[in-house]
Amino acid sequence: MGDLSSIFVLALAAMFNPTLLAAVTVMMLLPETKKLMFGYLLGAYLTSISLGLLIVFTLHGSSSVNTAKTTLTPAEDLVFGFLLVAVGVALRTGRYDAMRDRRRQRKEAMGEEKKESLPERLLGRGSARITFVVGVALTLPGATYLVALKQIADLDAAKVPTALLVVVFCLIQMAFLELPLIGYVLAPEATQRRVEAFRAWLARSGPRVAGRIALALGIYLLVRGTIELIAI
């Protein structure tokens, strides 16, 4: 149960992927938001689920997984734990915001205009086909995603439960896309109001919420890695 709980926490942390949040925010500002988000979600599913299944079943039952259980896992826990704690502290203390503000002020002082990123330009074209391609291209494996896949493989469960865990993880990490889409189908007007409120909340509190999750998960991994090292 402990491993399943940590996989669930990792899925929650993966929800705050900066690229995903940026894409969702841009699509919320554009016309035909539902169509754009649906295209992006399908592309994200294609990459995250297919790649996740490939990685997990490559590791599943292999000697590399057995070796990692005794030697690599504590080191990985400590490394990823330290990185997550560092990210959490930076987000919680506002250092990330301060660094971003300094970078923006520097560009303004040099007379540089804010340029749209390539994803922003593509999403702004308003095509579900384009957002599908963007979703495929931008849903690349991050540290949280890879740690979770390794933990799923380490469970050494049967193929069907293993595949279901991968799918559930990918569904949870895409919640910021799925929930608005469900809302647009069931209650379009109310959902639009909530989307606007969420956009304001995200700008105000999103980094600090992500910081709390990263900090909690980092501490958990550091403690677990230390215990496993002592037990070896």
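**Exercise 1.** Which helices each supply at least two residues of the nonpolar patch?

*Solution.* The model examined here is a predicted one. Begin with the members of the patch: F38, L42, L46, F132 and V133 together make a nonpolar surface patch of about 440 Å². Next, place these residues on the helices, and it emerges that helix 3, which runs over 33–59, and helix 7, which runs over 128–138, each supply at least two of them. Helix 3 provides the largest share, with three residues.

**Exercise 2.** Decide whether F38 is buried, partly exposed or exposed, and say where this residue is placed.

*Solution.* First locate the residue: F38 sits in helix 3. Then take its relative accessibility, which is 46%, and compare it with the limits, where buried means under 20% and exposed means over 50%. Because the value for F38 falls in between, this residue counts as partly exposed.

**Exercise 3.** Describe the largest nonpolar core, and find the helix that gives the most to this core.

*Solution.* The largest nonpolar core has 45 residues, and those that touch the most other members are F16, M27, Y40, F169, M174 and L177. Two or more residues are given to this core by each of helix 1 (2–14), helix 2 (18–28), helix 3, helix 8 (143–154), helix 9 (159–173), helix 10 (175–186) and helix 11 (188–231). Of these, helix 3 gives the most, namely eight residues. To see one member in detail, consider L177, which touches L20, V24, M27, M37, Y40 and L41 when residues up to four places away in sequence are not counted.

**Exercise 4.** Classify the aromatic pair formed by Y145 and F169, and explain which parts of the chain this pair ties together.

*Solution.* The count of aromatic pairs comes to one. In this pair, Y145 and F169 are 6.1 Å apart from centre to centre, with 55° between the planes. Since planes under 30 degrees apart count as stacked and those over 60 as edge-to-face, the pair is tilted. Y145 lies in helix 8 and F169 in helix 9, so the pair ties together parts that are 24 residues apart in sequence. As for accessibility, Y145 is buried at 6%, and F169 is likewise buried, at 3%.

**Exercise 5.** Is V185 buried or exposed, and what distance separates its C-alpha atom from that of K34?

*Solution.* V185 belongs to helix 10, and with a relative accessible area of 61% V185 is exposed. Although V185 and K34 are 151 residues apart along the chain, their C-alpha atoms are separated by 8.9 Å.

Definitions and conventions: Residues numbered from 1 in each chain as written. Predicted model: local features only at pLDDT ≥ 70, side-chain atom pairs only at ≥ 80, totals over all residues. Heavy atoms only, no water. Patch = residues over 30% accessible without salt bridge, like charges linked within 9 Å, V, L, I, M, F, W, Y side chains within 5 Å. Areas by Shrake-Rupley, 256 points an atom, 1.4 Å probe, with all protein chains shown as cover. Salt bridge = Lys/Arg side-chain N within 4 Å of Asp/Glu carboxyl O. Helix = DSSP H or I, 4+ residues; strand = E, 2+ residues; numbered from the N terminus. Buried < 20%, exposed > 50% of the residue type's maximum accessible area, 1.4 Å probe, protein only. Core = buried A, V, L, I, M, F, W, Y, C linked by side-chain atoms within 4.5 Å. Contact = heavy atoms within 4.5 Å. Phe/Tyr/Trp six-rings, centres within 6.5 Å; stacked < 30°, edge-to-face > 60°.
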